[in-house]
Amino acid sequence: MNTFVHKTLVVQLHAPGTGRFPVFAHLGYDADDPYAVTAAFAHEGHVLAHWRLDREMLAEGLTRPAGVGDVRLRPAGTGMWHELRLEFLGDSRPDGGRQRAVVYAWAPAVAAFLRETREIVPPGRERAPVDELLADILATG
């Protein structure tokens, strides 16, 4: 049985003052970390950012605003152009603000990726290796 899903999407990075431009989003899911989706954003062979997202928050963002703190998601557009808007807040800037990136992904492609993850580990059937983690911590102490 396959325990990993990977999908590469072309998404739109919205940069202040320049509008949108295409970048790759490499989405990954591993059954060994069942609550998380990894997202690496790349352009011209360079990784621009790497984020670890909550799988259910990603799904929720397809239908309504979700997330607090550094990651905020919400649906944008309708019909054929239905998109998922992902806002990422990063490090503080010298002026007191924070680095910020907004990415737009085609919502049906994100939904298809999430369906594949649910075939591997259905919601509610996630298993966190808490016992193994505690054993490792206690063994090194």
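## Strands, spaces and buried residues

Trainee: How many bridges join strand β5 (residues 71-76) to β6?

Mentor: Happy to start there, and keep in mind that this model is predicted. β5 and β6 run antiparallel. One pair to look for is Val71, which stands opposite Phe88 in β6. The number of bridges joining β5 to β6 is 6.

Trainee: Which residue in β7 is the bridge partner of Glu87?

Mentor: Let's turn to the pairing of β6 with β7, which is antiparallel and covers 8 bridges. The two strands form a hairpin with 5 residues between them, and Gly96 in the turn has a positive phi of about 95 degrees. Follow β7 until you reach the bridge partner of Glu87: Val102.

Trainee: How many of the 10 residues of β6 are buried?

Mentor: To count as buried, a residue must have under 20% relative accessible area. β6 is largely enclosed by the rest of the structure, because its buried residues number 7.

Trainee: Is Glu83 in β6 buried or exposed?

Mentor: Good one to check! Glu83 is found in strand β6, and it touches Arg20, Arg74, Pro75, Ala76, Tyr104, Ala105 and Ala107, leaving aside residues up to four places away in sequence. Its relative accessible area is 16%. The cut-off is under 20%, so Glu83 is buried.

Trainee: Which residue does the side chain of Glu83 join in a polar contact of 2.9 Å?

Mentor: Start from the residues that Glu83 touches, among them Arg20, Arg74 and Tyr104. Then look for the one whose side chain is joined to that of Glu83 by a polar contact of 2.9 Å: Arg20.

Trainee: Which residue in the turn between β3 and β4 has a positive phi of about 50 degrees?

Mentor: Begin with the strands themselves: β3 and β4 pair in the antiparallel sense over 8 bridges, and Ala42 stands opposite Val47 in β4. They form a hairpin with 2 residues between them. In that turn, the residue with a positive phi of about 50 degrees is Glu44.

Trainee: And β2 with β3: how many residues lie between them in their hairpin?

Mentor: β2 and β3 run antiparallel and are joined by 5 bridges. Gly28 stands opposite Thr38 in β3. Now read along the chain from β2 to β3, and the number of residues between them in the hairpin is 5.

Trainee: How many of the 8 residues of β3 are buried?

Mentor: We can use the cut-off for buried again, under 20% relative accessible area. β3 is largely enclosed by the rest of the structure, because its buried residues number 6.

Trainee: What is the relative accessible area of Arg55?

Mentor: Find Arg55 in helix α1 (residues 55-61). Leaving out residues up to four places away in sequence, Arg55 touches a list that includes Tyr29, Tyr35, Leu114, Arg118 and Glu126. Arg55 is buried, and its relative accessible area is 1%.

Trainee: How many nonpolar residues are in the lining of the largest cavity?

Mentor: The structure holds 1 cavity of 30 Å³ or more, and about 80 Å³ of space lies in the largest cavity. Its lining includes Leu9, Ala25, Phe41, Leu86 and Val110, and the elements giving two or more residues to that lining are β1 (4-15), β2 (19-30), β3 (36-43) and β6 (83-92). The lining has no polar and no charged residues, and its nonpolar residues number 12.

Trainee: Which element gives the largest share of the lining of the largest pocket?

Mentor: The largest pocket has a volume of about 160 Å³. It is lined by 13 residues, with Leu13, Phe41, Ala49, Trp51 and Ala101 nearest its centre, and the elements that give two or more residues are β4 (46-54), β6 and β7 (98-106). By class, the lining has 10 nonpolar, 2 polar and 1 charged residues. The largest share, 4 residues, comes from β7.

Trainee: Last one: how many strands does the chain have?

Mentor: Walk along from the N terminus and the elements run β-β-β-β-α-β-β-β-α-α. Of the 141 residues of the chain, 36% count as buried. Besides its 3 helices, the chain has a number of strands equal to 7.

Technical notes
Residues are numbered from 1 along each chain as its sequence is written. This is a predicted model: local features need pLDDT of at least 70, side-chain atom pairs count only at pLDDT 80 or more; totals for chains, interfaces and linings use all residues. Side-chain values use heavy atoms; hydrogens and water are left out. On a 1 Å grid over the protein atoms alone, a cavity is a set of points where a 1.4 Å probe fits but cannot get out, and a pocket is an open set with protein on both sides within 12 Å along at least five of seven lines; lining residues have an atom within 4 Å of a point. Grid points are joined across faces, edges and corners, and a volume is the space filled by probe spheres set on the points. Ala, Val, Leu, Ile, Met, Phe, Trp, Tyr, Cys and Pro count as nonpolar, Asp, Glu, Lys and Arg as charged, and the others, Gly among them, as polar. Buried means under 20% relative accessible area, exposed over 50%, partly exposed in between (1.4 Å probe, protein chains only). Contact means heavy atoms within 4.5 Å. A polar contact is a pair of N or O atoms within 3.5 Å; within protein, one must be able to donate a hydrogen and the other to accept it, and residues adjacent in sequence count only if both atoms are side-chain atoms. Two strands pair if DSSP finds at least two bridges between them.
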